[in-house]
Amino acid sequence: MKTTKKFLSIICILSLSICLTSCVKIIEKFIFKNDGSGTYSMAVDMSEMAEMMKSLGGADDEFIKSMDEMEVSFEEKVARMEAINGVSNWRNEFDRENLKYEVLFDFADVDALNAGMSEFYRDSTEVGSTKLTTFFIQKGNTFERTENNGIVDNFKKGLQEDGEEELDLEMAAMLFGDASYKQTIEFDNKIKSVSNKEYVISDDKKVASWEYRLFIKEDFNKKPKTKIVIK
């Protein structure tokens with residue numbers, strides 16, 4: 001099962017359990033060093049839900065099972081990730097008490113990053129070699145972020161596949177209005193320019209961030225595609 005579809009399963013279980021609007025955040029980070037190498041991470045933060053569940057007596061069995069399946073999914077990918085040239089230190093950090101889950105890997109260059117992400121977002125039901133998806137292109141000091149987005153793309157696909165009826169966006173927004181995906185791209189050097197005006201540049205000019213609200217209709221056509229030039 002795709003990571004994003006597992007995330008969808010978890011928040012749906014929670015909505016039935018606590019019937020309250022809670023903040024769920026997915027944070028994807030790209031950290032690039034001057035030599036082109038770096039670290040990729042994807043984290044799911046459900047700490048606000050954890051606090052609510054504690055006040056209501058804790059998580060139910062179905063939710064605990066879903067979290068366990070996320071761990072199993074990680075273990076199933078270990079061998080394939082470790083076999084990718086240029087990908088190293090594939091690891092996860094799991095805080096069950098506060099419902100925070102993060103997977104990380106280091107990459108030698110942009111090619112290794114693309115290969116690692118392609119494998120990470122591979123559907124476990126697929127057979128044969130993994131199809132390579134290009135998420136980043138680097139040409140000197142210019143980094144192009146393509147429109148491909150493993151999390152948001154799979155999220156939209158999951159919404160279309162799950163259930164026969166069309167999703168009631170207004171109801172979903174009421175339940176998960178604060179649910180969001182945030183992408184940050186960090187560099188050692190300062191950013192000179194960013195072509196996509198939806199990106200926000202940090203005060204130190206080294207981080208470009210882009211946010212997508214998962215159940216807000218106005219965000220459905222947003223794309224992370226941009227060109228970032230660093231000094």
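This briefing describes the sheet, the nonpolar core, the largest pocket and some backbone features of the structure above. The model is a predicted one. Its open sheet is built from seven strands with mixed pairing, in the order β3-β4-β2-β1-β7-β10-β9, and β3 (87-95) and β9 (200-201) are the edge strands, each of them pairing on one side only. The largest nonpolar core has 44 residues, while the largest pocket holds about 450 Å³ of space.

**The sheet, from β4 to β7**

- Strand β2 (residues 38-45) pairs in the antiparallel sense with strand β4 (residues 100-107) over eight bridges, and within this pairing Met-42 of β2 stands opposite Val-103 in β4.
- The pairing of β2 with strand β1 (residues 25-32) is likewise antiparallel and runs over eight bridges, with Ile-27 standing opposite Ala-43 in β2.
- β1 and β2 form a hairpin with five residues between the strands, and in this hairpin Gly-36 takes a positive phi near 95 degrees.
- Strand β2 is mostly covered, since seven of its eight residues count as buried, a class that requires a relative accessible area under 20%.
- β1 also pairs with strand β7 (residues 180-187), here in the parallel sense and over eight bridges, and Phe-32 has Phe-187 in β7 as its bridge partner.

**The sheet, from β7 to the β9 edge**

- Strand β7 and strand β10 (residues 207-213) run antiparallel and are joined by seven bridges, and the bridge partner of Gln-183 in β10 is Trp-210.
- The pairing of β9 with β10 is antiparallel and rests on two bridges, with Ala-208 in β10 serving as the bridge partner of Ile-201.
- β9 and β10 form a hairpin with five residues between the strands, in which Lys-205 takes a positive phi near 65 degrees.

**The nonpolar core**

- Within the core of 44 residues, those with the most contacts are Phe-32, Tyr-40, Met-42, Phe-105 and Leu-113.
- Helix α4 (residues 110-120) gives the most to this core, contributing five residues.
- Which residues does Phe-32 contact when its neighbours within four places in sequence are left aside? Its partners include the aromatic side of the list, Phe-107, Phe-136, Phe-143 and Phe-187, together with Val-110, Leu-113 and Ile-185, and they are completed by Ser-37, Glu-186 and Asp-188.
- Two of these partners recur elsewhere in the description: Phe-187 is the bridge partner of Phe-32 in β7, and Leu-113 is listed with Phe-32 among the core residues that have the most contacts.

**The largest pocket**

- The pocket of about 450 Å³ is lined by 18 residues, and those lying nearest its centre are Tyr-121, Arg-122, Glu-126, Thr-133 and Asn-154.
- Helices α4 and α5 (150-161) each supply at least two residues of this lining, and α5 provides the largest share, with four residues.
- By class, the lining has eight polar and seven charged residues alongside three nonpolar ones.

**Backbone and loop details**

- As background, most residues other than glycine have a negative phi.
- Asn-89 is not a glycine, yet it has a positive phi of about 55 degrees; its place is in strand β3, and the residue is partly exposed, with a relative accessible area of 45%.
- Lys-205, also not a glycine, has a positive phi of about 65 degrees; this residue is found in the loop between β9 and β10 and is partly exposed, with a relative accessible area of 41%.
- Where does Ser-124 lie? Ser-124 has its place in the loop between α4 and β5 (136-139), and it is partly exposed because its relative accessible area is 45%, which falls between the limits of 20% and 50% that bound this class.
- Ser-124 and Glu-76 are 48 residues apart in sequence, and their C-alpha atoms are 8.6 Å apart in space.

Technical notes
Residues numbered from 1 in each chain as written. Predicted model: local features only at pLDDT ≥ 70, side-chain atom pairs only at ≥ 80, totals over all residues. Heavy atoms only, no water. Core = buried A, V, L, I, M, F, W, Y, C linked by side-chain atoms within 4.5 Å. Buried < 20%, exposed > 50% of the residue type's maximum accessible area, 1.4 Å probe, protein only. Contact = heavy atoms within 4.5 Å. 1 Å grid on protein atoms, 1.4 Å probe; cavity = no way out; pocket = protein on both sides within 12 Å on 5 of 7 lines; lining within 4 Å. Points joined across faces, edges and corners; volume = space filled by probe spheres on them. Nonpolar A, V, L, I, M, F, W, Y, C, P; charged D, E, K, R; others polar. Pairing = 2+ DSSP bridges.
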